[in-house]
Each structure stands twice: as C-alpha cells, then as structure tokens.
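The exercises below ask you to read a structure step by step, and each task is followed by a worked solution. Please look through the sequence and the model before you begin.

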Amino acid sequence: MSSTLQALSERSHYRAASIALLAAAYGWVLLVRLSGYPDWIGAIVGLPLYTFLIVITYRRLRDAALPGGWIILMILVFNFGPEWNGFHLGLLINLLPVALAWISPSNSGSSAQTA
C-alpha cells in the first residue's frame with residue numbers, strides 16, 4: 001500500500017489520479033443526489049474516494065516541501081455562495097490544496113533518495 005501511495009503522490013502520476021478521484025467522488029455523489037436516493041448512499045462511496053485523495057494530496061504536498069496544514073482546507077466545509085444540487089461555490093476552496101500539489105515542483109532532496 002505504501003508503494004502505491006508513493007507512486008500516486010509523484011507529480012506525474014498525481015495529476016491523473018487527482019482528476020480521476022475528484023471525478024469519481026463528486027460524480028458519484030451528484031449521480032446519487034440527482035437519482036433521488038438518500039445522500040448517505042452517495043457518502044458510502046464518495047467519502048472513501050475523497051479520503052484517498054486527501055492522503056495522496058498530503059503526501060504530494062510533503063514531497064513538494066509544503067506544509068501539510070493545507071489539507072485542512074480539504075476537510076473543512078465552506079457552504080457559501082450560489083448552490084447547485086447541494087454543491088456550493090465555496091467548495092472550490094476545498095480544491096486549493098489539490099491545485100497547489102499540481103503546480104508545486106518536487107523537492108530536490110527527496111528525488112536523490114533511493115528506495
């Protein structure tokens with residue numbers, strides 16, 4: 001499991017993994033909500049996917065020598081602004097650590113380490 005997390009938290013793999021996890025987590029929740037099922041059904045699948053995204057984002061931020069405290073923005077809920085099917089515009093703040101992980105270069109010291 002650790003090798004999978006390490007591979008997905010590398011910058012080249014992180015971008016594709018984060019897009020897939022965001023699409024799956026938010027897409028599933030939206031699909032369940034639009035289908036008229038209770039919201040807890042969407043959380044059964046969406047929450048583990050989002051938690052996995054938080055874990056690889058944390059590892060990616062640490063690899064980029066950024067503080068792991070940015071993850072707090074992914075955990076807190078910001079329900080302000082316009083709403084569409086239960087999604088508020090304020091939820092874009094949750095994606096700020098993902099954007100930082102996308103653009104931050106890897107730490108040069110960690111690339112010199114061998115497995």
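**Exercise 1.** Find which residues of helix 5 are buried, and work out how they are arranged around the axis of helix 5.

*Solution.* The model is a predicted one, and the first step is to list the buried residues of helix 5, which are Pro-97, Val-98 and Ala-101. The second step is to look along the axis: because these residues cover an arc of only 100° around it, they sit on the same side of helix 5. The third step is to ask what lies over them, and the cover includes helix 2, helix 3 and helix 4 (72–75).

**Exercise 2.** Describe the largest nonpolar core, and state which helices each supply at least two of its residues.

*Solution.* Begin with the core itself, which has 15 residues, and in which Tyr-14, Tyr-50, Leu-53, Ile-56, Met-74 and Val-98 have the most contacts. Helix 2 (11–35), helix 3 (39–63) and helix 5 (96–103) each supply at least two residues of this core. Then take one of its well-connected members, Ile-56, and set aside the residues up to four places away in sequence; what Ile-56 touches is then Leu-5, Leu-8, Ser-9, Tyr-14, Ala-17 and Leu-21.

**Exercise 3.** Locate both salt bridges that a search of the whole structure finds, and decide for each partner whether it is buried or partly exposed.

*Solution.* As a general starting point, side chains of opposite charge can pair when their charged atoms come close. One pair is Arg-33 with Asp-39, whose closest N and O atoms are 2.8 Å apart. Arg-33 has a relative accessibility of 32%, so it counts as partly exposed, and Asp-39, at 45%, is partly exposed as well.

The other pair is Arg-60 with Asp-63, where the closest N and O atoms are 3.2 Å apart. Both of these residues lie in helix 3, three residues apart, which is about one turn of the helix, and both of them are buried. For Arg-60 the value can be given: its relative accessible area is 0%, and therefore it falls under the 20% limit for a buried residue. Leaving out residues up to four places away in sequence, Arg-60 touches Ser-9, Glu-10, Arg-11, Tyr-14, Ala-101, Ser-104, Pro-105 and Ser-106.

**Exercise 4.** Identify the residues that form a nonpolar patch on the surface, and say which helix supplies the largest share of them.

*Solution.* The patch is formed by Trp-28, Leu-31, Trp-40, Ile-44 and Val-45, which together have about 510 Å² of accessible area. Helix 2 and helix 3 each supply at least two of these residues, and the largest share, three residues, comes from helix 3. As a check on one member, Val-45 is placed in helix 3, and its relative accessible area of 35% makes it partly exposed.

**Exercise 5.** Determine where Ile-93 lies, and which residues beyond its neighbours in sequence it is in contact with.

*Solution.* Ile-93 is found in the loop between strand 2 (87–88) and helix 5. Its relative accessibility is 30%, so Ile-93 counts as partly exposed. Once the neighbours within four places in sequence are left aside, Ile-93 is in contact with Leu-73, Phe-78 and Phe-80. To finish, compare its position with that of Leu-49, which is 44 residues apart from Ile-93 along the chain: the C-alpha atoms of the two residues are separated by 18 Å.

Definitions and conventions: Residues are numbered from 1 along each chain as its sequence is written. This is a predicted model: local features need pLDDT of at least 70, side-chain atom pairs count only at pLDDT 80 or more; totals for chains, interfaces and linings use all residues. Side-chain values use heavy atoms; hydrogens and water are left out. A nonpolar core is a set of buried Ala, Val, Leu, Ile, Met, Phe, Trp, Tyr and Cys residues joined through side-chain atoms within 4.5 Å. Buried means under 20% relative accessible area, exposed over 50%, partly exposed in between (1.4 Å probe, protein chains only). Helices (H or I, at least four residues) and strands (E, at least two) are DSSP runs, numbered from the N terminus. Contact means heavy atoms within 4.5 Å. Patches are made of residues with over 30% relative accessible area and no salt bridge: like charges are joined within 9 Å, nonpolar side chains (Val, Leu, Ile, Met, Phe, Trp, Tyr) within 5 Å. Accessible areas come from the Shrake-Rupley method with a 1.4 Å probe; for residues, only the protein chains shown count as cover. A salt bridge is a side-chain nitrogen of Lys or Arg within 4 Å of a carboxyl oxygen of Asp or Glu. The arc is that of the directions from the helix axis to the C-beta atoms.
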